[in-house]
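Visitor: I should like to have a close look at a single part of this protein. Please choose a suitable place to begin, and then guide me outward from there.

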Amino acid sequence: MTPLTELAQNAAVGRRTAVAAAGGALLVSTFGGAMAAQAAPLETGPAKMNSVDLNALTSQARESLSNAPVVTVAPDAELSVEKSAVSVVSAADNEDYQAELAAKEAEEAAEAAAAEAAEAAAAAATTVSTASSVDVPASAIGNSVISIASRYIGVPYVSGGSSPSGFDCSGFTSYVYGQLGISLPHSSSAQSGYGTQVPASEAQPGDLMWTPGHVSIYAGGNTMIDASKPGTVVDFRTIWQSNPTFIRLG
């Protein structure tokens with residue numbers, strides 16, 4: 001065996017050996033496999049940990065997939081969608097809508113009528129207050145004849161008239177007394193023959209007051225209410241006749 005052969009054997013088993021080769025005058029120091037071929041470095045740190053974590057996650061994912069329920073659908077399966085019919089009704093044919101519309105129109109008409117009536121009443125009140133040229137005596141208040149006659153203040157004088165659209169003197173008195181059940185002819189001279197004549201000192205509101213060619217209703221004091229002449233309206237007026245005849249009716 002030569003010194004070189006022994007060196008090779010020691011290197012093969014990886015032992016650290018010091019060999020002295022005296023015969024060849026050669027000294028060789030060797031450190032076995034550690035010097036002949038360096039081992040690969042040990043994996044440490046983040047790179048080693050990432051590899052471990054990834055392997056663990058991969059194992060968990062595979063286990064979850066294997067345990068997950070599997071839904072299978074037949075190749076010839078069909079999807080059905082329920083359909084519902086939609087009907088459209090025009091406003092003209094919608095009975096509920098038409099009823100609601102009619103009710104609203106009726107309500108608006110009623111409100112308009114009420115407003116118109118209130119306006120007419122206000123106008124009538126204004127007409128009475130502005131048309132009356134004299135104060136009505138307190139004695140006439142509550143008298144049924146004067147109360148009815150007062151409703152027509154402001155009605156224009158119309159020759160031959162005997163309605164609220166227009167009165168002449170005898171048409172006015174016959175219309176007022178007619179509402180109390182007392183019938184009078186439409187003539188001033190003919191009316192003078194009805195009832196009972198009373199002296200002026202005993203005259204009372206509501207008595208008929210007559211002079212040739214004219215008839216009116218006595219309202220107490222020096223006041224009467226009548227349809228006087230063309231161009232005027234029914235109103236309370238101061239008595240202008242010098243010697244009227246007072247007639248009590250009923």
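Guide: Two residues are in contact when they have heavy atoms within 4.5 Å of each other. With that meaning in hand, please note that the model before you is predicted.

We begin with Ser228, which is located in the loop that runs between strand 8 (223-226) and strand 9. Once neighbours within four places in sequence are set aside, Ser228 is in contact with Tyr157, His214 and Arg237. A residue is called buried when its relative accessible area is under 20%. Ser228 has a value of 17% and therefore counts as buried.

A second loop residue may be set beside this one. Gln241 belongs to the loop between strand 9 (235-238) and strand 10 (245-248). Its relative accessibility is 9%, so Gln241 is buried. Apart from neighbours within four places in sequence, the contacts of Gln241 are Met209, Thr211, His214, Ser216 and Met224. His214 thus appears among the contacts of Ser228 and also among those of Gln241.

These two loops connect strands of one sheet, to which we now turn. The sheet is open and has six strands in the order 5-10-6-7-8-9, paired in antiparallel fashion. At its edges stand strand 5 (196-198) and strand 9; each has a single partner strand, so one side of each has no neighbour in the sheet. From one strand to the next, the twist averages 40°. At the strand 5 edge, the partner is strand 10: three bridges join these two strands, and they run antiparallel. One residue of this pairing can be named, since Thr196 has Arg248 in strand 10 as its bridge partner.

A helix accompanies the sheet. Helix 6 lies across strand 6 (208-211), strand 7 (214-220) and strand 8, and it runs at about 50° to strand 7. Of the 10 residues of helix 6 (residues 169-178), eight are buried, so the helix is largely enclosed by the rest of the structure. Those buried residues are Cys169, Ser170, Gly171, Phe172, Thr173, Ser174, Val176 and Tyr177.

Phe172, one of the buried residues of helix 6, leads us to the aromatic rings. The protein has five aromatic pairs. In one of them, Phe167 and Phe172 meet edge-to-face, with 5.4 Å from centre to centre and 65° between the planes. Phe167 is buried, because its relative accessibility is 0%. Phe172 also has a relative accessible area of 0% and is therefore buried. Phe167 forms a further pair with Tyr175, which is tilted: the centres are 5.4 Å apart and the planes make an angle of 50°. Tyr175 has a relative accessible area of 29%, so this residue is partly exposed. Ring pairs join Phe167, Phe172 and Tyr175 with Tyr152 in a cluster.

Finally, we may step back to the protein that surrounds this part. The protein has seven helices and 10 strands. It consists of 250 residues, of which 26% count as buried. Its accessible surface comes to about 16,900 Å², and 56% of that surface belongs to carbon and sulfur atoms. Among contacts between residues at least 6 apart in sequence, 52% join residues at least 24 apart.

Terms used:
Residues are numbered from 1 along each chain as its sequence is written. This is a predicted model: local features need pLDDT of at least 70, side-chain atom pairs count only at pLDDT 80 or more; totals for chains, interfaces and linings use all residues. Side-chain values use heavy atoms; hydrogens and water are left out. Helices (H or I, at least four residues) and strands (E, at least two) are DSSP runs, numbered from the N terminus. Buried means under 20% relative accessible area, exposed over 50%, partly exposed in between (1.4 Å probe, protein chains only). Accessible areas come from the Shrake-Rupley method with a 1.4 Å probe; for residues, only the protein chains shown count as cover. Rings of Phe, Tyr and Trp (its six-membered ring) pair if their centres lie within 6.5 Å; planes under 30 degrees apart count as stacked, over 60 as edge-to-face and the rest as tilted. Two strands pair if DSSP finds at least two bridges between them. Axes are lines fitted to C-alpha atoms, for helices over the stretch in contact, and angles run from 0 to 180 degrees between N-to-C directions.
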